[in-house]
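Colleague: I have not looked at this structure before. Could you take me through its pockets and its ligand?

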Amino acid sequence: MKFFIDTANLNEILEAQELGVLDGVTTNPSLMAKEGISGKDKVFSHYKSICNIVDDNVSAEVIATEYQDIIREGEELAEIDEKIVVKVPMIKDGVRAIKYFSEREIRTNCTLVFSAGQALLAAKAGATYMSPFIGRLDDVTYDGLKLIEQIRIIYDNYGYPTQILAASIRHTIHLIKSAEIGADVATCPLNVITGLLKHPLTDIGLEKFLADHRKVNS
Ligand code: G3P
């Protein structure tokens, strides 16, 4: 399973990268705004800074919603660095644009997916990644993980190469269940990735090992 970090914060990206388990980064306009990044030049240079930290897979989202504008913006984003994956919303012009990009070997991440039908369209258009938003579905009393299960079955039925990127992950159980189901990628905040480290028996066990070591080595 690939781990992406869902943030535009350079310190958090660096911390996850230094842990040695990071496969990529996802950003979106809200995450860029949270970091106070605005204006095309600053946004593009921030993407470049992210690319300089990680090995690959930096999702950069288009703002455009009309086909020609999505194409133009996506091509500009892809020019920033070969690690860029163009993130395109699940709308009609977005699906058309994903098809265009896939024919030109520009990698895409189809975002804002909330149904199996949308996931099927993304795969047929040739999306590299397809992002169902688990947490936001849970927020409206639909089981987000059930959607991941449904999409896994559909993609496996036909051997679609589009990778399921579980997004809007809010806690470690979302991540672990997504792994059980077979999501190809999970994108999460840093605290979810580091949350995987935690177990009280590890802490208690380590404390005892070190205490026993001290007893005979002091
Ligand atoms: O990866 C999508 C993510 O950024 C949305 O997360 O927590 O705003 O639903 P959230």
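Modeller: What follows is a set of questions and answers on a predicted model.

Colleague: What volume does the largest pocket have, and which residues are closest to its centre?

Modeller: The space in the largest pocket comes to about 380 Å³. Its lining is made up of 25 residues. Closest to the centre are Asp6, Thr7, Asn28, Leu31 and Pro189.

Colleague: Which element gives the largest share of the lining of the largest pocket?

Modeller: At least two lining residues come from each of helix H2 (29-34), strand S5 (108-113) and strand S8 (185-188). The largest share is 3 residues, and the element that supplies it is H2.

Colleague: How many residues in the lining of the largest pocket are charged?

Modeller: The lining holds 8 nonpolar residues and 10 polar ones. The remaining class, charged, has 7.

Colleague: Where does the ligand sit?

Modeller: The residues around the ligand are Asp6, Asn28, Phe133, Arg136, Ala167, Ser168, Arg170 and Thr187. Asp6 and Asn28 are also among the residues closest to the centre of the largest pocket. The ligand's place is the largest pocket.

Colleague: How many residues of the shell around the ligand are nonpolar?

Modeller: The shell has 3 polar residues and 3 charged residues. Its nonpolar residues number 2.

Colleague: What percentage of the ligand's accessible area does the protein cover?

Modeller: Oxygen atoms of the ligand have polar side-chain atoms of the protein beside them: one of Asp6 at 2.7 Å, and one of Arg136, also at 2.7 Å. For Asn28, an N or O atom of the side chain is 2.9 Å from a ligand oxygen. On its own the ligand has 310 Å² of accessible area, and the share covered by the protein is 81%.

Colleague: Which residues lie nearest the centre of the second largest pocket, and what is its volume?

Modeller: This pocket is lined by 15 residues. Nearest its centre lie Val43, Phe44, Glu61, Ile63 and Glu73. Its volume is about 190 Å³.

Colleague: Which helix gives the most to the lining of the second largest pocket?

Modeller: H2, helix H3 (40-53) and helix H4 (67-80) each provide at least two of the lining residues. The top contribution is 4 residues, and it comes from H3.

Colleague: How many nonpolar residues are in the lining of the second largest pocket?

Modeller: Polar residues number 2 in this lining, and charged residues number 4. The nonpolar count is 9.

How values were computed. Residues are numbered from 1 along each chain as its sequence is written. This is a predicted model: local features need pLDDT of at least 70, side-chain atom pairs count only at pLDDT 80 or more; totals for chains, interfaces and linings use all residues. Side-chain values use heavy atoms; hydrogens and water are left out. On a 1 Å grid over the protein atoms alone, a cavity is a set of points where a 1.4 Å probe fits but cannot get out, and a pocket is an open set with protein on both sides within 12 Å along at least five of seven lines; lining residues have an atom within 4 Å of a point. Grid points are joined across faces, edges and corners, and a volume is the space filled by probe spheres set on the points. Ala, Val, Leu, Ile, Met, Phe, Trp, Tyr, Cys and Pro count as nonpolar, Asp, Glu, Lys and Arg as charged, and the others, Gly among them, as polar. A residue is near a molecule or strand if one of its heavy atoms lies within 4 Å of it. A polar contact is a pair of N or O atoms within 3.5 Å; within protein, one must be able to donate a hydrogen and the other to accept it, and residues adjacent in sequence count only if both atoms are side-chain atoms. Accessible areas come from the Shrake-Rupley method with a 1.4 Å probe; for residues, only the protein chains shown count as cover. A molecule sits in a cavity or pocket if more than half of its atoms lie within 2 Å of its grid points.
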